[in-house]
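This report looks at internal space, aromatic pairs and one set of polar contacts. The sequence and structure are shown first.

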Amino acid sequence: MTSPASVLRDAFDRHTWATLRLLAHLETLDPDVVTRGIPGTYGPIDETLTHLVAADTRYLDRLEEPDLPPLQQRPPQPIGTLLTEVHANASRWTAALDRLEREELHASIGPPAMHPNIDPAETLLLLQALHHADDHRAQVCSTLGALDLEVPELDVWSFWDDQRRSN
């Protein structure tokens, strides 16, 4: 029987896998593609992915230190920099889930965040991290499709198949 903890670990493994796969795909395209965007999305691909990775890092930071100043916008980062950050965040997600299993993970969100005091906030942060990244990866894929470019398969089925092949 699958434990709830292993399901959550699989969800975060897929979360990291999908972002890494999207970034790797973008590395194969003309570098100018990442500066393109379409209406109805966050913005150009590079800005969207920088936002996605920065937010992921921020969720992790909040799981370690609840009293953080507001997030500052970063200029678009190169794909290589984002890949490095995603790899670093992967080990931080593992550590956070380890603390969750030991019932040592606690987070709260308080002013000056955009929400009122939220305590405990660890469930909110974990769920938001998964949702937020899926939303922005989908926007990047929509942009690629609208530009008539190949769109990588980032769905759970593809993750599952990829994991089974690599094991």
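The sections below take up the cavity, the aromatic pairs and the contacts of one arginine in turn.

## Model and cavity

The structure is a predicted model. Searched as a whole, it contains one cavity of 30 Å³ or more. The largest cavity holds about 40 Å³ of space.

Its lining consists of His15, Thr16, Thr19, Leu52, Val53, Asp56, Val86 and Asn89. Sorted by class, these are three nonpolar, four polar and one charged residues. Three helices contribute at least two lining residues each: helix 1 (4-27), helix 2 (45-64) and helix 3 (79-101).

## Aromatic pairs

Two aromatic pairs are present in the structure. In one of them, the ring centres of Phe12 and Trp93 are 4.5 Å apart. The planes of these two rings stand at 35 degrees, so the pair is tilted; the tilted class covers angles that are neither under 30 degrees nor over 60. Phe12 belongs to helix 1 and Trp93 to helix 3, and the pair links distant parts of the chain, 81 residues apart. Phe12 has 2% relative accessibility and therefore counts as buried, the cut-off being under 20%. Trp93 also counts as buried, because its relative accessibility is 2%.

The other pair is formed by Trp17 and Phe159, with ring centres 5.4 Å apart. Here the planes make an angle of 65 degrees, so the pair is edge-to-face. This pair, too, links distant parts of the chain: Trp17 lies in helix 1 and Phe159 in helix 5 (residues 156-166), with their positions 142 residues apart. Trp17 and Phe159 are both buried.

## Contacts of Arg92

Arg92 is located in helix 3. Its side chain makes a polar contact of 2.8 Å with the side chain of Asp61. A polar contact of 3.1 Å joins the Arg92 side chain to that of Glu64.

Leaving aside residues up to four places away in sequence, Arg92 touches Thr57, Leu60, Asp61 and Glu64. Asp61 and Glu64 thus appear both among the residues touched and as partners in the side-chain polar contacts.

## Summary by helix

Helix 1 supplies at least two residues to the lining of the largest cavity, and also holds Phe12 of the tilted pair and Trp17 of the edge-to-face pair. Helix 3 likewise supplies at least two lining residues; Trp93 and Arg92 are in this helix.

Conventions: Residues numbered from 1 in each chain as written. Predicted model: local features only at pLDDT ≥ 70, side-chain atom pairs only at ≥ 80, totals over all residues. Heavy atoms only, no water. 1 Å grid on protein atoms, 1.4 Å probe; cavity = no way out; pocket = protein on both sides within 12 Å on 5 of 7 lines; lining within 4 Å. Points joined across faces, edges and corners; volume = space filled by probe spheres on them. Helix = DSSP H or I, 4+ residues; strand = E, 2+ residues; numbered from the N terminus. Nonpolar A, V, L, I, M, F, W, Y, C, P; charged D, E, K, R; others polar. Phe/Tyr/Trp six-rings, centres within 6.5 Å; stacked < 30°, edge-to-face > 60°. Buried < 20%, exposed > 50% of the residue type's maximum accessible area, 1.4 Å probe, protein only. Polar contact = N/O pair within 3.5 Å; in protein donor to acceptor, adjacent residues only side chain to side chain. Contact = heavy atoms within 4.5 Å.
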